[in-house]
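Student: Please guide me through this structure, and set each value against the definition that gives it its name.

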Amino acid sequence: MTDYAGMHGWDRPEFVEKPDSDLPSYLGSTSFAKRPLIEDVDEIRARRPDAVIVGAPLDEGTTYRPGARFGPRAIRVANNNYMGFHSLQLGVDVFEVLDVVDAGDANIEPIWMERAYAMIYRKVFALAGTGTIPIVLGGDHGITWPSASAIAAANHPARIGMVHFDAHADTGEVTGPIAGHGSPMRRLLESGAIAGTNFVQVGLRGYWPDRETLAWMKEQGFKTHFITEIEEHGAEAVVDRAIEEVLDGTDAVYLSIDIDVLDPAHAPGTGTAEPGGLSTRELLRAVRRIVGAVELAGMDVVEVSPPYDHAELTSMAANRVVMEALSGLALKKQSGVTVRRNL
């Protein structure tokens, strides 16, 4: 038998198999940042990670452009970094300090929204109950209803506040048992999972909600920061205000990022694009600062729709949103702060 390996030098001893975690995101497993894929809740409970990634690939609550069901996979693989995750912004080696695992996706079956919401709720609730911080990859914004509800239930009796980055308020009226991607915040308020006075919204712009809905939101105590406020005073000042507001009377915070808070120049791949939004730099800095200032109980990033994306700009932005949150948690843990929830 001809020794082709020896002939071409393919048998050299330095050619060794590397672990999946040391390989680029475009090959091998599709876990977030090549973190260990652990779907068994009991195994996660025994391991006690600081944070856990979970996918919610559902977009049947959309009203116009679907495609966000492909978001979780796109966000997971949109990281061109490997062989080290040192945050230049915060000066921390994220995964050397912070233990993060990927728990896979909620068990969603297409064309059955009631079941999908139930499966998202169950998975996030079970994970949050282990003390880890769930970071949920959407999916349309409707997934925030079951996800944030699960965080509120798992952390009871703690009072959960929400910082909600979005072009839209997502407080639309709904009939029947289902919430679309334009109404999860109303559902959360109506159920009592999050009180209106604990909602802080940043980045609203465009032509919705209407006057009646805005009046209702004001009656409920919502704190809304329109893009005009950011234009006039700068993102830094508005984020300072948002942090102050969400910390008033709350024990922990759920952070919800609709990627359409970004200008479409930075995030074209969303079904709910609205011109005139934040820059990616402004959003990433805001996420770092908020996570560093609050007790984070849970988080989601939603409305990444790969069919409308260009050059992976949107999925990369969403991936970086998650990485900045993890970097903020890692910096806190490195300084001696416990980031896991004591439930």
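**Reading the terms**

Student: Why does Tyr121 count as partly exposed?

Tutor: Tyr121 has a relative accessibility of 31%, and buried means under 20% relative accessible area, exposed over 50%, and partly exposed in between (1.4 Å probe, protein chains only), so Tyr121 belongs to the partly exposed class. Phe125, at 36%, is partly exposed by that rule as well. Please keep in mind that this is a predicted model, in which local features need pLDDT of at least 70 and side-chain atom pairs count only at pLDDT 80 or more, while totals for chains, interfaces and linings use all residues. Residues are numbered from 1 along each chain as its sequence is written, and side-chain values use heavy atoms, with hydrogens and water left out.

Student: What makes Tyr121 and Phe125 a stacked aromatic pair?

Tutor: Rings of Phe, Tyr and Trp (its six-membered ring) pair if their centres lie within 6.5 Å, and planes under 30 degrees apart count as stacked, over 60 as edge-to-face and the rest as tilted. By this rule the count comes to five aromatic pairs. For Tyr121 and Phe125 the values are 5.8 Å centre to centre and 10° between the planes, so both conditions are met. The two residues lie in helix H5 (residues 113–128), four residues apart, about one turn of the helix; helices (H or I, at least four residues) and strands (E, at least two) are DSSP runs, numbered from the N terminus.

Student: How do you know that Phe199 and Phe222 are stacked?

Tutor: Their ring centres are 4.6 Å apart and their planes stand at 10°, so this pair is stacked too. It links distant parts of the chain, with Phe199 in strand E7 and Phe222 in the loop between H8 and E8, 23 residues apart. Phe199 and Phe222 are both buried, and together with Trp216 they form one aromatic cluster.

Student: What makes E7 and E8 paired strands?

Tutor: Two strands pair if DSSP finds at least two bridges between them, and four bridges join E7 (residues 199–204) to E8 (residues 223–226), which run parallel, so the condition is fulfilled. One of the bridges is seen at Leu204, whose partner in E8 is Phe226. With helix H8 (residues 211–220), these strands make a right-handed β-α-β unit, where right-handed means that, with the strands pointing away from the viewer, the path from the first strand over the helix to the second runs clockwise.

Student: Why are E4 and E8 described as standing at the edges?

Tutor: Eight strands form an open sheet with parallel pairing, in the order E4-E1-E5-E10-E9-E6-E7-E8. Strand E4 (100–105) and E8 each have a single partner strand, so one side of each is left without a neighbour in the sheet. Elsewhere in the sheet, three bridges join strand E5 (residues 133–138) to strand E10 (residues 296–302), and Leu137 stands opposite Val301 in E10.

Student: What makes a group of residues a nonpolar core, and how many residues has the largest one?

Tutor: A nonpolar core is a set of buried Ala, Val, Leu, Ile, Met, Phe, Trp, Tyr and Cys residues joined through side-chain atoms within 4.5 Å, and the largest one here has 55 residues, with Phe165, Leu255 and Leu326 among those with the most contacts inside it. Its largest share, nine residues, comes from helix H12 (residues 313–334). Apart from it lies another core, of 42 residues, including Leu58 and Met162.

Student: Why is helix H7 called largely enclosed?

Tutor: Six of the eight residues of H7 (residues 184–191) are buried, so the rest of the structure largely encloses this helix. Arg186 and Arg187 are among the buried ones, and what covers them and the other buried residues includes helix H6 (144–154), strand E6 (160–165) and H8. H7 is followed by Gly192, whose phi is positive, near 90°.

Student: How do you know that Asp59 is buried?

Tutor: Its relative accessibility is 3%, so Asp59 falls under the 20% limit for buried residues. Asp59 lies in the loop between E1 and H3, as does Gly67, which is buried at 4%. Contact means heavy atoms within 4.5 Å, and by that rule Asp59 touches Gly67 and Asp140, among others.

Key. Lists of a residue's contacts leave out its neighbours within four places in sequence.
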